[in-house]
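Work through these exercises with the model open in your viewer. Try each task before you read its solution.

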Amino acid sequence: MASSRVRVMETSLVSPAAGPDAVPARSVALTFFDVKWLHLPPVERVFLYRLSPDADVAAIVAGLKASLAQALRAFYPLAGRVCVARRSSSIRHELRYRPGDAVPFTTAEYECDMDKLLASDEPVRVAALAPLVPQLPKGRAVLAVQATTTICSSSSSSRIISGLAVGVTVHHSACDGAGSTHFLHTWAAWACGAGGADHQKPPALDRAALIPDPRGLYDTYLRSLPPRIADDAAFEFVSKPPEAYQDKLLATFTLPKGLLEKIKAAVAAEAARRGIAPPPRCSTTLAAYALMWSCYCRCRRSTTTSSNNTCYFLFSVDQRARLMNPPVPATYLGNCLCPAIATAPEDHLAAPGIIAGLFAASTAVAAALEEQVREGAQDTWDTCVDRVSQGVAHGMLSVAGSPRFRVYDLDFGFGRPAKVAMVSAAKGGAMPIAEARAGAGVEVAVSLPADGMERFQNTFADAIACLSSAA
């Protein structure tokens, strides 16, 4: 197994930096947006950086720890843990920080060629990436970090440093992607010596005030979760078992701006041909969703004989500036996401000719987004857990991440990442999306078993060829 080549050197603890404004004991109440995530595995990202062979890794790691401590002064809830609190007859969860709480920081070495084994856009084994992200410790801690030096060994006496993998594991109940990447950008600013407090706005932490719950959605969602979630003695976060992803490969597909514009044009032209006005909403991100979902369904259709299947596609809608009244600050450290679920017949999504499938996907995705941003959509929030469960039961494809998070701008003082991988999404079969590393556009990753990956690559190549040949 790949993990046998990883050697853990040390695990230390990093607390919020001390100072005159040291953080006292505090608790942050989880909201109904947060509680939905308590039973799910954490989010795992790995940032792969190239280093020169003579890099001073010890100094780099020391700098990462020192800057992490500085960032945690503002983001102190991430050094805490989730606790179950009983308030009269109700059960509530809170993110509790006490002085002395700390984030585990593991240093390790990994014998591999980073560029060939890990940072390639070609299919890589998910099991080769998994050892680069840390496990959350027992006790429901919500953040862990790992810095792994990748080493190429040409012989028993030759050890050449090729890169550094910074693995970050954060539990989704603590914050969503906007919140976690806000923290990461603050950490990176401190690491570069710029002073995170001067270059990153502090997080908004008052969840109870910012996320009111007049409908009692917290209790509605809690009732849908496993009973152990309400038991402080029995409740622990879960992780994906290795057997769930041992046979999976992860490949990255870059969708440049020109291709995305062709998708938008093709969807608009197909709408005009069908006499549909206006055409379905098709932003850059929605165009990427439509292409990848239609390719995924075309790939899956090649292995099934049924034409009556309904396909499901889930993506998250950030409600901070949409349906929250008053709007929630962009710097809010917590969850403020609603699921948008697109549905369409598989034979429409996988229709011959590529364009028809793209149009069906675009129409469904646009409708799902509109359903979540329209006035009155709040009235459907009580059913969102049931709707997600229904989609999961039907093999739903889901999206993780966002191009808005700027993960390729995370420079800790030794350059931008050569590659960013969302390992948790790869383990679970979700589709991570991020901004393109170079130029305008987006990159999307897909994880599948080897035979499925080959079919998907062929399907994707056919779609690109069709779009490239379109007038």
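**Exercise 1. Helix 5 and what follows**

Which residue with a positive phi follows helix 5? Then check the length of helix 5 and how far it is covered.

*Solution.* Keep in mind that this is a predicted model.

Step 1. Go to the end of helix 5. Gly193 follows the helix, and its phi is positive, near 80°.

Step 2. Check the length. Helix 5 covers residues 177-191, 15 residues in total. From first C-alpha to last it reaches 21 Å, close to the 21 Å expected at 1.5 Å a residue.

Step 3. Check burial. A residue counts as buried under 20% relative accessible area. In helix 5, 13 of the 15 residues are buried, so the rest of the structure largely encloses it.

**Exercise 2. Helix 2 and the cores**

Find which helix gives the largest share of the largest nonpolar core, and trace the contacts of Phe183.

*Solution.* Step 1. Start with the core. The largest nonpolar core has 80 residues. Those that touch the most other members are Phe47, Leu64, Leu78, Phe105, Phe183, Trp187 and Trp381.

Step 2. Find the main contributor. Helix 2 (residues 57-74) supplies the largest share of this core, eight residues.

Step 3. List what is covered in helix 2. Its buried residues are Val57, Ile60, Val61, Leu64, Ser67, Leu68, Ala69, Ala71 and Leu72.

Step 4. Check the span of helix 2. Its 18 residues should span 26 Å at 1.5 Å a residue, and the end C-alpha atoms lie 27 Å apart, which agrees.

Step 5. Trace Phe183. Leaving out residues up to four places away in sequence, Phe183 touches Leu68, Ala71, Leu72, Phe75, Leu78 and Leu143.

Step 6. Look for another core. A second, separate core holds 53 residues, including Tyr289, Met292, Ala342 and Phe456.

**Exercise 3. A three-strand sheet**

Give the strand order of the open sheet that holds strand 2, and say which strands stand at its edges.

*Solution.* Step 1. Read the order. The three strands run 2-5-4, with antiparallel pairing.

Step 2. Find the edges. Strand 2 (26-29) and strand 4 (81-87) each have a single partner strand, so one side of each has no neighbour in the sheet.

Step 3. Note the twist. On average, neighbouring strands of this sheet are turned by 40° against each other, direction ignored.

Step 4. Inspect one pair. Strand 2 and strand 5 (residues 90-97) run antiparallel and are joined by four bridges. Val28 stands opposite Leu95 in strand 5.

**Exercise 4. The partners of strand 10**

How many bridges join strand 10 to strand 16, and how many join strand 7 to strand 10?

*Solution.* Step 1. Take strand 16 (residues 441-449). Nine bridges join strand 10 to it, and the two run antiparallel. The bridge partner of Ala251 in strand 16 is Val446.

Step 2. Take strand 7 (residues 124-125). Two bridges join it to strand 10, again antiparallel. Arg125 faces Leu249 of strand 10.

Step 3. Check burial. Strand 10 (residues 248-256) is mostly covered, with seven of its nine residues buried.

**Exercise 5. Two crossing helices**

Classify the crossing of helix 9 and helix 15 and list the residues that meet.

*Solution.* Step 1. Take the geometry. The axes of helix 9 and helix 15 (residues 450-469) come within 10 Å and cross at roughly 75°.

Step 2. Classify it. Angles of 65 to 115 degrees count as roughly perpendicular. Helix 9 is therefore roughly perpendicular to helix 15.

Step 3. List the contacts. From helix 9, Leu259, Lys262, Ile263 and Ala266 meet Ile464, Leu467 and Ser468 of helix 15.

**Exercise 6. Unusual backbone**

Find the peptide bonds before Pro278 and Pro326, and the phi of Arg140 and Ile354.

*Solution.* Step 1. Recall the norm. Most residues other than glycine have a negative phi, and most peptide bonds are trans.

Step 2. Check the prolines. The Ala277 to Pro278 bond is cis, with omega near -5°. Pro278 sits in the loop between helix 9 (257-273) and helix 10 (284-301). The bond joining Asn325 and Pro326 is also cis, with omega about 5°. Pro326 lies in the loop between strand 11 (310-318) and strand 12 (337-345).

Step 3. Check phi. Arg140 has a positive phi near 65°, and it is buried at 3% relative accessibility. Ile354 has a positive phi of about 65°, and it is buried at 11%.

Note on methods:
Residues are numbered from 1 along each chain as its sequence is written. This is a predicted model: local features need pLDDT of at least 70, side-chain atom pairs count only at pLDDT 80 or more; totals for chains, interfaces and linings use all residues. Side-chain values use heavy atoms; hydrogens and water are left out. Two strands pair if DSSP finds at least two bridges between them. Axes are lines fitted to C-alpha atoms, for helices over the stretch in contact, and angles run from 0 to 180 degrees between N-to-C directions. Buried means under 20% relative accessible area, exposed over 50%, partly exposed in between (1.4 Å probe, protein chains only). The expected span of a helix is 1.5 Å times one less than its number of residues. A nonpolar core is a set of buried Ala, Val, Leu, Ile, Met, Phe, Trp, Tyr and Cys residues joined through side-chain atoms within 4.5 Å. Contact means heavy atoms within 4.5 Å. Angles under 35 degrees count as roughly parallel, over 145 as roughly antiparallel, 65 to 115 as roughly perpendicular and the rest as oblique.
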